[in-house]
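Biologist: Please take a close look at the aromatic side chains in this model. Then set them against the rest of the fold, and give the reasoning behind each label you use.

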Amino acid sequence: MKARATASIGIMTALVYVMTSISIPMPKPLGVWHIGDIASFIAAILCGPYVGAFACGVGAALFDVWNPLWGSSFIIWAPATIIIRGFMGFLLGKLRRAIPAKPRASELLAMVVAAVEKNIGYFIYDYYLFGSLAYLDLVTFFPLSVIDIAVTIPLLLSIRKVLKIEYILE
């Protein structure tokens, strides 16, 4: 089990980093639009709260520290990313089974709660950095989160069908 958890941490952290790197830069304070949240949702739901916290926090922070397209231009967000996205991954993993009789509803609830936590966390951080410009976060983050959740649901179904498992780590 330790080998599976260690491998999951490495693979999921890399997945979050790579999918966060698939991004479009936006004017400050927006940072980048990316598909890393989809990887974060998948990692935490399939692997649980601890792998989710590490993969989501560290994978996304590695992008902030250095990424193939923009180098270290987003390093200012790295400290917040470790905390905000790490907690997001933990929440996702913990809430993935909140409603035992309805596992898919639990996962949807987990994604919504985690997206709200992430969006509010970055809004607060961006408000500290940029002042009232941070309100732009609220206009863009929530619609993007809806898209991320809508894409994640069928991806999870497909992954489960191919792997023939419900969760990688229980």
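Modeller: Rings of Phe, Tyr and Trp, the last by its six-membered ring, are taken as a pair if their centres lie within 6.5 Å; planes under 30 degrees apart count as stacked, over 60 as edge-to-face, and the rest as tilted. By this rule the count comes to 8 aromatic pairs. One of them joins phenylalanine 74 and tryptophan 77, with ring centres 6.1 Å apart and 45° between the planes, a tilted arrangement. Both phenylalanine 74 and tryptophan 77 are buried. Another tilted pair is made by phenylalanine 123 and tyrosine 127, at 6.0 Å centre to centre and again with 45° between the planes. The angle of 45° is neither under 30 nor over 60 degrees, so the label is tilted. Bear in mind that this is a predicted model, and that side-chain atom pairs count only at pLDDT 80 or more.

The second pair sits within one helix. Phenylalanine 123 and tyrosine 127 belong to helix α5 (residues 103–130), and because they are 4 residues apart there, about one helical turn separates them. Their surroundings can be read from the accessibility values. Phenylalanine 123 has a relative accessibility of 15%, and so counts as buried. Tyrosine 127 has a relative accessible area of 42%, which makes it partly exposed. The cut-offs behind these words are under 20% for buried and over 50% for exposed, with partly exposed in between.

Phenylalanine 74 and tryptophan 77 also belong to a wider group. Together with Phe63, Trp70 and Phe130 they form one aromatic cluster.

Now to the fold around these rings. The protein has 6 helices and 2 strands. Read from the N terminus, the order of elements is α-β-β-α-α-α-α-α. With 170 residues, a compact globule would have a radius of gyration near 15 Å, and the protein has 15 Å, so the two agree. Along the principal axes, its C-alpha atoms fill a box of roughly 45 × 30 × 25 Å. Of the 170 residues, 47% count as buried. Among contacts with a separation of 6 or more, 70% come from residues 24 or more positions apart. The protein exposes about 8,400 Å², and carbon and sulfur atoms supply 77% of that area. As for charge, there are 13 positive and 9 negative side chains, with the centres of the two sets 11 Å apart.

Helices α1 and α3 show how parts that are separate in sequence come together. Threonine 13 is placed in helix α1 (residues 2–21), and its relative accessible area of 8% makes it buried. Beyond neighbours within four places in sequence, threonine 13 is in contact with Ser8, Phe54, Ala55, Val58, Gly59 and Leu62. Seen from the other side, leucine 62 is found in helix α3, and contacts Thr13 and Tyr17 once neighbours within four places are left aside. Leucine 62 has a relative accessible area of 43%, so it is partly exposed. Its C-alpha atom is 9.4 Å from that of alanine 14, although the two positions lie 48 residues apart along the chain.

Valine 18 is another residue of helix α1. Its relative accessible area is 46%, so valine 18 too is partly exposed. Valine 18 and glycine 59 are 41 residues apart in sequence, with 8.2 Å between their C-alpha atoms.

Valine 51 also lies in helix α3 (residues 49–65), and counts as buried because its relative accessible area is 5%. Leaving aside neighbours within four places in sequence, valine 51 touches Ala5, Ser8, Ile9, Met12 and Leu169. Ser8 is thus a contact of valine 51 and also of threonine 13. Valine 51 and isoleucine 165 are 114 residues apart in sequence, and their C-alpha atoms are 17 Å apart.

One backbone detail remains, in the segment after α6 (135–163), where lysine 164 has its place. Lysine 164 is not a glycine, yet has a positive phi of about 55°. At 73% relative accessibility, lysine 164 counts as exposed.

How values were computed: Residues are numbered from 1 along each chain as its sequence is written. Side-chain values use heavy atoms; hydrogens and water are left out. The radius of gyration is taken over C-alpha atoms; the globule rule is 2.2 Å times the number of residues to the power 0.38. Buried means under 20% relative accessible area, exposed over 50%, partly exposed in between (1.4 Å probe, protein chains only). Contact means heavy atoms within 4.5 Å. Accessible areas come from the Shrake-Rupley method with a 1.4 Å probe; for residues, only the protein chains shown count as cover. Lys and Arg count as positive and Asp and Glu as negative; His and the chain ends are not counted. The place of a charge is taken as NZ of Lys, CZ of Arg, CG of Asp or CD of Glu.
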